[in-house]
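User: I am new to this structure and should like a close look at a single part of it. Please describe the surface patch formed by nonpolar residues, and then any backbone details that deserve attention.

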Amino acid sequence: MKFSETYIGGILFASASLLTGLRTTLKEFFTPKVTEQYPENRATLKISERHRAMLYMPLDENGNNKCIACGLCQSACPNSTIIVKTKNIVDEESGKSKKVLDEYIYDLGSCMFCQLCVNACPKDAIAFNNQFENAVFDRKKLVIRLNK
Amino acid sequence: MYNFEIITSAIDHFLHSVMPAQLAVITECVLIAVCTLVAYVAFAIVMIFMERKVCAAFQCRLGPTRVGFWGLLQVFADVFKMLIKEIISINNSDSLLYRLAPYLVVLSSILTFSCLPFDKGLQVLDFNVGVFFLMAASSFGVLGILLAGWSSNNKFSMIGAMRSGAQMISYELSIGLCMLTMVVLSGTMQISEIVEQQVDGWFIFKGHLPAVVAFIIYLIAGNAETNRAPFDLPEAESELTAGYHTEYSGMHFGFFYVAEFMNLFIVAGIASTLFLGGWTPLYIKGFDSFNAIMDYIPGIVWFLGKTFFLIWVLMWFRWTFPRLRVDHVPTLEWKYMVPIGLVNLLIMTICVVMNWIF
Ligand code: SF4
Ligand code: SF4
């Protein structure tokens with residue numbers, strides 16, 4: 001029989017383990033608190049870069065939209081949150097007709113931030129940013145056109 | 001040293017001089033009742049606020065900060081919410097017992113509360129078997145809890161009440177043994193006398209080893225008496241919804257809630273009375289100037305300081321330890337605390353007889 005299983009040993013063992021717990025919580029009592037006082041600390045607030053708050057379309061270095069209107073994001077989205085509207089324009093050099101992006105409609109109200117659309121995109125034309133203050137008074141305002 | 005008896009006897013004389021003796025006694029009773037109830041509610045409010053803040057600190061949070069400065073008005077908001085809630089009557093419940101139960105719980109805790117010696121002469125109930133009265137008054141709270149579970153017509157309430165009954169009645173024993181240990185040391189059961197004897201040294205120092213053991217057992221058993229974690233099996237949320245007060249709403253629930261907090265205050269208050277010297281200041285032998293400074297701090301500050309420190313310790317326990325398993329609760333009591341308490345009582349008696357105390 002181990003000492004910790006005897007009567008006296010059990011008491012000592014239990015007291016030691018309880019004291020360990022007490023020490024841990026006492027340390028926690030005096031550590032700086034993690035609570036974010038949100039509206040007051042807006043200036044200093046740090047939101048993780050990887051936070052998914054809002055879909056946006058990053059532009060390339062020339063300031064052009066990278067989207068090629070392939071529609072993969074639209075088909076990847078389980079919620080039908082994205083609607084890619086396309087139009088045909090005629091290329092001046094070759095004279096061929098070409099499909100380009102007309103409107104990129106994103107419904108923030110039905111997005112569940114699964115990021116499947118971003119992963120599906122072959123051109124990295126869409127990404128999530130951490131602009132989380134998206135509350136509005138009207139549901140219609142959540143349907144956003146992402147391309148300019 | 002401050003003495004409240006001067007004030008109370010002045011009021012007594014004044015009342016006797018302006019009205020006949022009987023009327024004066026009735027007026028005094030009413031005055032004392034009002035003061036006790038006001039103090040009871042005031043301490044309950046302080047305790048609820050303290051619980052929120054201390055709990056938050058242990059969990060690395062800030063606690064309420066929005067209602068009023070530093071969240072100070074949060075408790076009043078809570079109380080107001082509870083007051084305007086509907087008191088629901090339950091189908092097929094035993095309505096008389098159902099309504100009676102919360103009052104029994106509160107009554108028991110108010111009776112115990114009025115035994116606490118806040119300062120020299122500032123004590124409502126004080127007579128020669130005060131410790132017995134204290135134990136008797138505090139133990140009929142369990143009746144209210146049993147009735148609440150019985151009359152609610154709900155199996156969760158019933159199980160919670162039965163657990164509470166089993167737990168409180170067995171831990172009562174340890175509390176009794178610890179109190180007896182201190183009664184052996186002091187040689188009196190009158191609470192004011194017990195405190196008076198600690199002027200030249202708190203009992204936890206005077207009684208050294210057995211007093212410390214009794215103190216620890218008292219804290220554990222007292223925690224179990226108040227049905228707070230880690231002994232919160234009667235209202236274990238994850239198993240029993242809310243235990244015996246599942247069916248209660250509005251202010252009836254509020255009574256249980258307040259009584260639970262005040263029982264915590266009472267347990268801490270009694271611990272500070274029996275072990276830490278109640279309202280007596282801390283004296284260190286030989287440091288006369290230090291002792292003189294300590295004398296300037298009023299007794300009530302000493303008492304409340306010690307009590308709130310012990311409350312903090314009990315809250316520390318609460319937010320550290322996980323809940324005990326049902327079968328471990330009686331094991332802890334009957335296999336560990338009662339035998340140790342009995343042996344401790346014996347050791348204390350030997351110490352007192354052989355005069356091995358300071
Ligand atoms: S994150 Fe998910 S739900 Fe939202 S738009 Fe992308 S694919 Fe659809
Ligand atoms: S955002 Fe990407 S996936 Fe969606 S249409 Fe444009 S290029 Fe295709």
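Analyst: The following account begins with the patch and then turns to the backbone. The structure is a predicted model.

On the surface, a nonpolar patch is formed by B:Ile6, B:Ile7, B:Ile11, B:Leu31, B:Ile32 and B:Val124. Together these residues have about 520 Å² of accessible area. Two elements of chain B, α1 (5–18) and α2 (21–58), each give two or more residues to the patch. The largest share comes from α1(B), with 3 residues. One member of the patch, B:Leu31, is found in helix α2 of chain B. B:Leu31 has a relative accessible area of 42% and is therefore partly exposed, because that term covers values between the limit for buried, under 20%, and the limit for exposed, over 50%.

The backbone offers two further points. Most residues other than glycine have a negative phi. Against that background, A:Asp124 has a positive phi, near 50°. A:Asp124 is found in chain A, in the loop between α3 (116–120) and β4 (127–129). B:Asn227 likewise has a positive phi, near 60°, and this residue is not a glycine. B:Asn227 lies in the loop of chain B between α10 (208–225) and α11 (237–240). Although B:Asn227 is in a loop, this residue counts as buried because its relative accessibility is 2%, and the cut-off for buried is under 20%.

Note on methods:
Residues numbered from 1 in each chain as written. Chains lettered and ligands numbered in written order. Predicted model: local features only at pLDDT ≥ 70, side-chain atom pairs only at ≥ 80, totals over all residues. Heavy atoms only, no water. Patch = residues over 30% accessible without salt bridge, like charges linked within 9 Å, V, L, I, M, F, W, Y side chains within 5 Å. Areas by Shrake-Rupley, 256 points an atom, 1.4 Å probe, with all protein chains shown as cover. Salt bridge = Lys/Arg side-chain N within 4 Å of Asp/Glu carboxyl O. Helix = DSSP H or I, 4+ residues; strand = E, 2+ residues; numbered from the N terminus. Buried < 20%, exposed > 50% of the residue type's maximum accessible area, 1.4 Å probe, protein only.
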